Amino acid sequence: MPDNGVILEVEDVQKRFGRVEALRDADFELRNGEVHAIVGDNGAGKSTLIKIISGVYQADAGELRLDGEPIVLHNPREARQLGIETVYQDLALADDLDAAANLFLGREEYLPPPLGSLGFLDRKAMRQRAEEEMRRLKIGISSVDQRVVELSGGQRQAVAVARAIAWGRRIVIMDEPTAALGVRESAMVLELIKEVRNQGLAIIMVSHNLPEVFAVADRITVLRIGRTITTMATKDTSLEAVVGMMTGAVEAALRAEGS
Ligand SMILES: Nc1ncnc2c1ncn2[C@@H]1O[C@H](COP(=O)(O)OP(=O)(O)OP(=O)(O)O)[C@@H](O)[C@H]1O
Ligand SMILES: [Mg+2]
């Protein structure tokens with residue numbers, strides 16, 4: 001394991017969809033206990049990159065390393081087994097189920113045999129665990145029995161984030177976690193992200209919202225047209241500089257100067 005706190009390395013990753021080169025040369029390094037933002041213009045390759053890290057897509061070339069060991073992910077289940085959880089933009093919550101059931105979606109706990117062998121769920125254990133999880137993350141929903149369809153956008157997002165955090169032992173990835181949220185709800189999700197970071201997980205956050213990125217991210221990686229432009233500590237850069245790198249204005253200005 002690299003001793004510089006690096007948990008995940010992405011090296012020279014390429015991904016093509018037919019004639020579209022979504023990623024040409026993506027490099028990225030994630031450290032333990034950091035919030036790492038990935039930013040870039042529409043179509044820069046951000047979602048493709050995180051889908052490669054979460055096992056949805058396989059890279060055409062390049063390497064992923066977890067704790068210094070090369071890994072190959074054939075599907076999201078393999079990523080989850082390694083402790084990598086993802087909150088996708090569309091959330092994938094089951095509206096008709098309550099928050100507790102959503103937390104355990106696809107990972108239901110069964111009663112001991114013989115009832116468990118017949119498919120009877122251990123609802124009490126799941127409910128208890130869900131309540132503990134919501135408390136730990138300071139998520140304000142009145143009851144874990146409340147159906148998700150009745151929750152506000154921010155609460156739904158919080159349930160989705162809670163699910164990822166509950167199971168993500170190492171890395172939690174979030175694609176545009178606040179895109180659909182109002183000001184107050186966004187603030188709640190951002191607080192949650194900080195809370196999770198403080199508990200030692202590493203977080204990758206894709207976002208279009210640069211003020212938010214500057215509010216929570218420790219480091220920022222800029223992608224442009226499928227390439228990593230740079231990674232910087234948030235405190236060493238500015239919003240204007242990042243916008244310049246996202247759009248290519250910085251290089252255009254340098255070229256104009258003849259350098
Ligand atoms: N499944 C796919 N099939 C074909 N082309 C795709 C697919 N997924 C992504 N692309 C293309 O790859 C490029 C990168 O897309 P990607 O979704 O990674 O961008 P993004 O940075 O997440 O953009 P946005 O900010 O709009 O979400 C785009 O040109 C997109 O059209
Ligand atoms: Mg995207």
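Which residues of α1 are buried? Keep that question in mind while opening this model, which is a predicted one, and begin the tour at the ligand.

**Stop one: ligand 1 and its shell**

Select ligand 1 and then display the residues around it, which are F17, V20, A22, G40, N42, G43, A44, G45, K46, S47 and T48. Colouring this shell by element shows that β2 (20-31) and α1 (46-53) are the elements that give two or more residues to it, and that α1, with three residues, supplies the largest share. If the shell is coloured by residue class instead, four of its residues come out as nonpolar, six as polar and one as charged.

**Stop two: helix α1**

Now extend the selection to the whole of α1, which is mostly covered, seven of its eight residues being buried. The opening question can be answered here: the buried residues of α1 are K46, T48, L49, I50, K51, I52 and I53. Of these, K46 and T48 have already appeared in the shell around ligand 1. Moving just past the end of α1, select G55 and inspect its backbone, where phi is positive, at about 85 degrees.

**Stop three: strand β9 and its neighbours**

Next select strand β9, residues 219-224, in which five of the six residues are buried, so that the strand is largely enclosed by the rest of the structure. Add strand β3 (residues 35-39), which runs parallel to β9 and is joined to it by four bridges; to follow one pairing in detail, pick A37, whose bridge partner in β9 is I220.

Then add strand β10, residues 227-233, which runs antiparallel to β9 and is joined to it by six bridges. Here the pair to pick is R224 and its bridge partner in β10, R227. Two residues lie between the strands in the hairpin of β9 and β10, and I225 in this hairpin takes a positive phi near 45 degrees.

**Stop four: helices α5 and α6**

Finally, hide the strands and select helix α5 (residues 153-167) together with helix α6 (residues 183-198), which pack with their axes 9 Å apart and at an angle of about 15 degrees. Angles under 35 degrees count as roughly parallel, and α5 and α6 are therefore roughly parallel to each other. Turn the view until one helix lies in front of the other, and look for the handedness of the arrangement: α5 passes α6 in a right-handed crossing.

Technical notes:
Residues numbered from 1 in each chain as written. Chains lettered and ligands numbered in written order. Predicted model: local features only at pLDDT ≥ 70, side-chain atom pairs only at ≥ 80, totals over all residues. Buried ≥ 20, exposed ≤ 12 C-beta atoms within 10 Å, placed from the backbone. Pairing = 2+ DSSP bridges. Near = placed C-beta within 6 Å. Nonpolar A, V, L, I, M, F, W, Y, C, P; charged D, E, K, R; others polar. Axes fitted to C-alpha atoms, helices over the stretch in contact; angles between N-to-C directions. Parallel < 35°, antiparallel > 145°, perpendicular 65-115°, else oblique. Left-handed = near helix turned anticlockwise from the far one by under 90°.
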